[in-house]
Amino acid sequence: MAEYQNKTERALKNRWMDLKNRREELTMITCGELAKIPKGFDLPYVECKSVIQSQSDYCKTSCEYYKKKLLPIDEEMQEIRDSRPSFLD
């Protein structure tokens with residue numbers, strides 16, 4: 001049983017790293033929504049990753065890029081978190 005758990009954890013960790021890397025790659029672009037975000041052009045940064053951190057309400061509800069590209073990744077990462085694997089402790 002312990003060996004099975006180790007294999008499962010290993011597979012989850014590999015998937016987690018794949019998702020994390022993919023998310024990082026997808027957020028290293030210039031935000032294409034600045035014109036639509038209230039006060040978007042007043043933000044001190046334009047990188048998608050930073051915009052998501054500071055404008056998450058807008059991104060999660062209104063940004064099509066976030067909903068299509070990042071939300072599925074975030075949801076899968078949350079499922080992994082919810083399973084409480086030891087590598088996230």
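A residue is called buried when its relative accessible area is under 20% and exposed when that area is over 50%. The exercises below apply to a predicted model.

**Exercise 1.** Decide whether phenylalanine 41 is buried or exposed, and state where it is found.

*Solution.* Begin with the location: phenylalanine 41 is in the loop that runs between helix 1 (2-26) and helix 2 (48-54). Next take its relative accessible area, which is 65%; because this value is over 50%, phenylalanine 41 is exposed. Finally, look at its contacts: when residues up to four places away in sequence are not counted, phenylalanine 41 touches Leu34 and Ala35.

**Exercise 2.** Decide whether threonine 27 is buried or exposed, and list what it is in contact with.

*Solution.* Threonine 27 is likewise found in the loop between helix 1 and helix 2. Its relative accessible area is 1%, and because that is under 20%, threonine 27 is buried. With neighbours within four places in sequence left aside, threonine 27 is in contact with Glu47, Cys48, Lys49, Ile52 and Leu70. In addition, a polar atom of the threonine 27 side chain lies 3.2 Å from the backbone oxygen of glutamate 24.

**Exercise 3.** Compare the expected span of helix 4 with the distance between its end C-alpha atoms, and find where helix 4 bends.

*Solution.* Helix 4 (residues 64-82) has 19 residues, so at 1.5 Å a residue it should span 27 Å. The end C-alpha atoms of helix 4 are 26 Å apart, which agrees. The bend, of about 50°, is at leucine 70, and proline 72 follows within four residues. Leucine 70 is also one of the buried residues of helix 4.

Key. Residues numbered from 1 in each chain as written. Predicted model: local features only at pLDDT ≥ 70, side-chain atom pairs only at ≥ 80, totals over all residues. Heavy atoms only, no water. Helix = DSSP H or I, 4+ residues; strand = E, 2+ residues; numbered from the N terminus. Buried < 20%, exposed > 50% of the residue type's maximum accessible area, 1.4 Å probe, protein only. Contact = heavy atoms within 4.5 Å. Polar contact = N/O pair within 3.5 Å; in protein donor to acceptor, adjacent residues only side chain to side chain. Expected span 1.5 Å × (residues − 1). Bend = angle between axes of the 7 residues up to and from the residue.
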